[in-house]
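Biologist: Could you take me through one part of this model up close, and then show me how it sits with the rest? I'm happy with a long answer, as long as you keep it plain.

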Amino acid sequence: MRNFFSYWTRKQSDVLRCKILEALGFDYDRSLTPYENFLKLPEPDLNGSIVPQSLLQARALFSKDEDMLSPIDREKVALDSFIASEESCSLVNETVRDGSITKGDAGIILYYDQCTIATLLGSVPTLEELPLTFGPGATSTCRRKTSARWKMSSPLSISNSCLNILPDLRTALPALFRAHENDVRVTLGELEFVPKNFKTHRAIVIEPTLNTMVQRGIGTFLKRKLYRNINLSDQSINRNRAHEGSRNGTYCTVDLERASDSIPYLLVMELLPIDWFQLLDSVRTPAVRHKATN
């Protein structure tokens, strides 16, 4: 669905950017590209006592613009970051494998976390207990039109790792499988990139259809479980603390680079109850394909 800003031309966007930048007290050279104007802005001295908020706002006006043209190969930057995350996870997996994290204070923290997670999660659900529905996004066999109607009429897809629960899926979704009795395809995940900002794209994995249904069902089930202790849909606590922190420095936020791509496989195995780990592991896509490696 197109939003309000989708109907703007690049020229209209640049005119507004110029007006905002001038209102913040900075010059905008109309003979230069937006990227060249961005390079003209001074670098904030983060080690100094005070960073002008107008400078941070001016830089954010450019840096958050996913549509700004620049000489940076954003897809290559994102792919390099994805590979770096995989290598980092591999190193952590080696640390878990050699038993280092189960010793000393780290082992005590790990045990406490294991007990807390097991208490929060409780018993692992059966497939019949999960709300198995189509999500809004693309899958490996339904790419362009992604409504439930189009997914119903596209071939079903599943990863190799998920094949062991295919009989249970047939039982849980009899009508769906009657419509695709001889058309279930084993596929890989597909690594792609979508716009994020002017420096890099964001890595996403397009999963097989049946994997996404179970993953989505598990996610909904977990949110309901966690709701008793954590309301994931209520951002008021974070919002209020961010406001307070901006005024007096009591709180601050930490934005870790590649955080969602840096969750090592063996650490998850250590933290989760084994039946929960087996369920999640069975519906993940263990291998992905990217056009650069085809």
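Modeller: Let's start with the hairpin: five residues carry the chain from β3 across to β4. Before going further, bear in mind that this is a predicted model, so every value here is computed from predicted coordinates.

The two arms of that hairpin, β3 and β4, run antiparallel and are held together by six bridges. If you want to click through the register, take Phe193, which has Ala203 of β4 standing opposite. Then go to Val194, whose bridge partner in β4 is Arg202. β3 itself covers residues 189-195, and it also pairs with β5, a strand made of residues 288-289. That pairing is parallel and comes to two bridges. To see it, look at Glu190, which stands opposite Arg289 in β5. So β3 pairs in the antiparallel sense with β4 and in the parallel sense with β5, where strands count as paired once DSSP finds at least two bridges between them.

Now follow β4 out of the hairpin and into the pockets. The largest pocket has a volume of about 1,400 Å³. It is lined by 32 residues, and those closest to its centre are Glu207, Ser260, Ile263, Arg284 and Thr285. β4 (201-206) is one of the elements that give two or more residues to this lining, along with α4 (74-97), α9 (209-226), α11 (265-271) and α12 (274-283). The top contributor is α4, with five residues. In chemical terms, the lining of the largest pocket splits into 21 nonpolar, five polar and six charged residues.

The second largest pocket is where β4 turns up again, and its volume is about 810 Å³. There are 21 residues around it, with Lys196, Asn197, Thr200, Glu257 and Arg258 closest to the centre. Both α4 and β4 supply at least two residues of this lining, and α4 gives the most here too, with four. The class count for the second largest pocket reads seven nonpolar, six polar and eight charged. If you're setting up a side-by-side view of the two linings, α4 and β4 are the elements to colour, as they appear in the lists for the largest pocket and the second largest one.

One other spot is worth a visit, back towards the start of the chain. Arg17 is in helix α1, which spans residues 10-23. Is Arg17 buried or exposed? Its relative accessibility is 5%, so it counts as buried, because the cut-off for that label is under 20%. As for what surrounds it, leaving aside residues up to four places away in sequence, Arg17 touches Tyr28, Pro34, Leu61, Phe62 and Asp65. With Leu61 there's also a polar pair: a polar atom of the Arg17 side chain lies 3.3 Å from the backbone oxygen of Leu61.

Finally, zoom out to the whole chain. It has twelve helices and five strands, and the C-alpha trace spans about 65 × 55 × 40 Å along its principal axes. Of its 294 residues, 31% are buried, and Arg17 is one of the residues that get that label. Among contacts with a separation of 6 or more, 69% come from residues 24 or more positions apart.

Technical notes:
Residues are numbered from 1 along each chain as its sequence is written. This is a predicted model: local features need pLDDT of at least 70, side-chain atom pairs count only at pLDDT 80 or more; totals for chains, interfaces and linings use all residues. Side-chain values use heavy atoms; hydrogens and water are left out. On a 1 Å grid over the protein atoms alone, a cavity is a set of points where a 1.4 Å probe fits but cannot get out, and a pocket is an open set with protein on both sides within 12 Å along at least five of seven lines; lining residues have an atom within 4 Å of a point. Grid points are joined across faces, edges and corners, and a volume is the space filled by probe spheres set on the points. Ala, Val, Leu, Ile, Met, Phe, Trp, Tyr, Cys and Pro count as nonpolar, Asp, Glu, Lys and Arg as charged, and the others, Gly among them, as polar. Buried means under 20% relative accessible area, exposed over 50%, partly exposed in between (1.4 Å probe, protein chains only). A polar contact is a pair of N or O atoms within 3.5 Å; within protein, one must be able to donate a hydrogen and the other to accept it, and residues adjacent in sequence count only if both atoms are side-chain atoms. Contact means heavy atoms within 4.5 Å.
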